[in-house]
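Welcome! Take a moment to look over the chain and its fold, and then let us walk through it together.

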Amino acid sequence: QVQLVESGGGLVQAGGSLRLSCAASGRTFTYYTMGWFRQAPGKERVFVARISMSGGSRSYADSVKGRFTISRNNAENTVYLQMNSLKPEDTAVYYCAASASWSSSGSLYDYWGQGTQVTVSS
């Protein structure tokens, strides 16, 4: 089992920045690809970013590429999502998740946090 707890969400104006954190506990953190997903009101949960076990590979959804950066600190069992140039359409609940696979499909992620709300005002 892996327990994931997100933090860092909040209300920010368009153009602003936020940094989300996800603290992991339980099984060895470095066994997992870590991902960030988001779910806007009335919409499905979608992939945002992922980072490989070592941190050497990263990928992003087209909608956030160039604005968001995913990183991880394996010594501290934490994954981050730095979000810059935020837009109102980035408003959503953001979830971190852990997968034994290198995937952007939520169905292949085994463990999920409870989510943190990000609201971007125009």
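How many bridges join β9 to β11, and do these strands run parallel or antiparallel? The count is 3 bridges, and β9 and β11 run antiparallel. Strands here are DSSP runs marked E of at least two residues, helices are runs marked H or I of at least four residues, and both are numbered from the N terminus; two strands pair if DSSP finds at least two bridges between them.

Before going on, please note that this is a predicted model, in which local features need pLDDT of at least 70 and side-chain atom pairs count only at pLDDT 80 or more, while totals for chains, interfaces and linings use all residues. Residues are numbered from 1 along each chain as its sequence is written, and side-chain values use heavy atoms, with hydrogens and water left out.

## The overall picture

The protein has 0 helices and 11 strands, so its elements, read from the N terminus on, give β-β-β-β-β-β-β-β-β-β-β. Its C-alpha trace spans about 40 × 25 × 25 Å along the principal axes. For 122 residues, a compact globule would have a radius of gyration near 14 Å, and the 13 Å of the protein agrees with that. This radius is taken over C-alpha atoms, and the globule rule is 2.2 Å times the number of residues to the power 0.38.

Of the 122 residues, 46% count as buried. Buried means under 20% relative accessible area, exposed means over 50%, and partly exposed lies in between (1.4 Å probe, protein chains only). The accessible surface comes to about 5900 Å², and 46% of that surface belongs to carbon and sulfur atoms; such areas come from the Shrake-Rupley method with a 1.4 Å probe, and for residues only the protein chains shown count as cover. Among contacts (heavy atoms within 4.5 Å) between residues at least 6 apart in sequence, 57% join residues at least 24 apart.

## Around β11

Let us return to β11. Besides its bridges to β9, this strand is joined by 4 bridges to β2 (residues 10–13), and β2 and β11 run parallel. On the β2 side, L11 has T119 as its bridge partner; elsewhere, A92 stands opposite V118 of β11.

In a regular strand the side chains alternate between the two faces of the sheet. In β11, T116, V118 and V120 make up a covered face, while Q117, T119 and S121 make up an uncovered one.

The loop between β10 (111–112) and β11 holds Q114. Apart from residues up to four places away in sequence, Q114 touches L4, V5, E6 and Y95. Q114 and T28 are 86 residues apart in sequence, and their C-alpha atoms are 20 Å apart in space.

## The core and its disulfide

Which residues touch the most other members of the largest nonpolar core? They are L4, M34, W36, L81, M83 and Y94, out of 34 residues in that core. A nonpolar core is a set of buried Ala, Val, Leu, Ile, Met, Phe, Trp, Tyr and Cys residues joined through side-chain atoms within 4.5 Å. Elements giving two or more residues to this core include β1 (2–7), β4 (33–39) and β8 (78–83), and β9 gives the most, with 5 residues.

M34 has many partners beyond its neighbours within four places in sequence, among them L4, C22, F29, I51, I70, V79 and Y109.

The structure holds 1 disulfide, meaning a pair of cysteine sulfur atoms within 2.5 Å. It joins C22 to C96, with an S to S distance of 1.9 Å. Because C22 lies in strand β3 and C96 in strand β9, the pair ties together parts that are 74 residues apart in sequence. The torsion about the S-S bond is about 45°, so the disulfide is right-handed. Both C22 and C96 are buried.

## Residues in the loops

Here are some loop residues side by side.

| Residue | Relative accessible area | Class |
|---|---|---|
| Q114 | 47% | partly exposed |
| S103 | 8% | buried |
| N77 | 29% | partly exposed |
| S85 | 42% | partly exposed |

S103 sits in the loop between β9 and β10. Leaving out neighbours within four places in sequence, S103 is in contact with R50, L108 and Y109.

N77 is in the loop between β7 and β8, and its phi is positive, about 55°, although N77 is not a glycine. S85 lies in the loop between β8 and β9; its phi is near 50°, again a positive value in a residue other than glycine.
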